[in-house]
Amino acid sequence: MIPYCEPPFQDLNSRDWSGNSITLRVVREDLNHPEVSGNKWWKLRDNLKEARRQGLDQIITFGGAFSNHVAATAAAAEIEGMKSIGVIRGEARLPYNKTLRKACEKGMVLHHVSRTEYRRKEEQEFLDSLLTQFGPSYIIPEGGTNRLAVNACQDWAAEMERSESFDYLCVAAGTGGTAAGLINGLSPAKRILVFPVVRPPEQMAGEIRKWITTPKPNWTVIHDYHFGGYAKWNDELIAFIQRIRLEYNIPLDRVYTAKLFFGVLDLIRKHYFPAGSRILIVHTGGLQGEP
Ligand SMILES: *Cc1c(COP(=O)(O)O)cnc(C)c1O
């Protein structure tokens, strides 16, 4: 079991919204574990247990060069005394960025494949060839999204609802697995806003629906804050990261959480939320600072 530290809830105060009696809080899930942080702790929790149950001591997973999931899996596997292989999209670019350096430090073997080959990441034939090459392994799909991961995020939602009262919950989405789990776990009275960081954002609702257990009308995908797509950013976003760090001492990453926070603050400014709303932003963790 990977250690878990109960995350604090942090108030975000500003004249921009206190006049509207909007309450804005952040659940600092980024602080739940130093290396297997945020939603990745939840998504990996039962997968590592399941690997063990199947008698496997090696994990194979998939991701791009900026994948927090790859770095978190490497760290989690090391903690559990397991080996890990990361199948990485695209040829190796040296020097490695922070994410891949982290994965290597944790003992992960990085297996770079071409973008064309990477597209086969869900084909059984491709998976079989990896198992032949690397030996018996528990396979975790790209981004860590599978039924065990989604169900663990459902438990997480219940925890948040127990510890904090709120009307809106706002969360970033890559695969949408985390958002789906939170939607499954929250009571229908809550409204959930999902901020895709990938393109095209219009596909996100379909991705989420694949994992939703009971259809509910209480969630919305917000399309406008992907900043050009996965791992794309601009100077405005980088300046925003610096501002939030200075004003609130909250570290954000440019792939996920910066886009989410930017979007929520922009929606507040545009009066998207009715006066009196209590908004909870989920800080899903990840690697901050330089890419
Ligand atoms: C992986 C990640 C997400 C996206 O999670 P999905 O379940 O793939 O939607 C969001 N935020 C951070 C910080 C992440 O690392």
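This passage walks through the sheet, the nonpolar cores, the unusual backbone geometry and the cysteines of a predicted model.

A good place to start is the open sheet, in which four strands are arranged in the order E5-E4-E3-E6 with parallel pairing. At its edges lie strand E5, residues 109-113, and strand E6, residues 138-140, each of which pairs on one side only. On average, and with direction ignored, neighbouring strands of this sheet are turned by 20° against each other. Strands of this kind are held together through backbone hydrogen bonds, in either a parallel or an antiparallel arrangement. Within the sheet, strand E3 (residues 58-63) is joined to strand E4 (residues 83-89) by six bridges in the parallel sense. For readers who wish to find this pairing in the structure, Thr61 is a handy landmark, with Gly86 as its bridge partner in E4. Helix H3, which spans residues 68-79, lies across E3, E4 and E6. Relative to E3, helix H3 runs at about 170°.

Attention now turns to the interior. Nonpolar side chains tend to be buried together in soluble globular proteins. Here the largest nonpolar core has 77 residues, and Leu169, Val194 and Ile208 have the most contacts inside it. Helix H11 supplies the largest share of this core, with eight residues. Because domain 1 (9-35 + 146-289) and domain 2 (39-144) both give residues to this core, the core lies between them. The surroundings of Ile208 give a closer view: leaving aside neighbours within four places in sequence, Ile208 is in contact with Gly176, Ala179, Ala180, Ile183, Val194, Trp219 and Val221. Val194 thus appears both in this contact list and among the core residues with the most contacts. Apart from the largest core lies another, of nine residues, including Ile60, Phe62, Leu127 and Leu130.

The backbone also offers a few places worth a look. Most peptide bonds are trans, and most residues other than glycine have a negative phi. Two cis peptide bonds can be described here. One joins Leu94 and Pro95, with omega at about -5°; Pro95 sits in the loop between E4 and helix H4 (98-105). Another joins Arg199 and Pro200, with omega at about -10°. Pro200 is located in the loop that runs between strand E8 (191-196) and helix H9 (204-209).

Positive phi values are found at Ser21 and His271, neither of which is a glycine. For Ser21, phi is near 45°, and the residue belongs to the loop between helix H1 (15-18) and strand E2 (23-27). Ser21 is partly exposed, its relative accessible area being 43%. For His271, phi is about 60°. The loop holding His271 connects helix H11 (257-269) with strand E10 (278-282). His271 counts as exposed, because its relative accessibility of 58% is over the 50% cut-off.

Finally, the cysteines deserve a word. The structure contains zero disulfides. Cys5 is in no disulfide, and the nearest cysteine sulfur, that of Cys153, is 18 Å away. That separation can be set against the 2.5 Å within which a pair of cysteine sulfur atoms is taken as a disulfide. Cys5 is partly exposed, with a relative accessible area of 43%. Cys104 is likewise partly exposed, with a relative accessible area of 32%.

Methods
Residues are numbered from 1 along each chain as its sequence is written. This is a predicted model: local features need pLDDT of at least 70, side-chain atom pairs count only at pLDDT 80 or more; totals for chains, interfaces and linings use all residues. Side-chain values use heavy atoms; hydrogens and water are left out. Buried means under 20% relative accessible area, exposed over 50%, partly exposed in between (1.4 Å probe, protein chains only). Two strands pair if DSSP finds at least two bridges between them. Helices (H or I, at least four residues) and strands (E, at least two) are DSSP runs, numbered from the N terminus. Axes are lines fitted to C-alpha atoms, for helices over the stretch in contact, and angles run from 0 to 180 degrees between N-to-C directions. Contact means heavy atoms within 4.5 Å. A nonpolar core is a set of buried Ala, Val, Leu, Ile, Met, Phe, Trp, Tyr and Cys residues joined through side-chain atoms within 4.5 Å. Domain bounds come from an automatic or database domain assignment.
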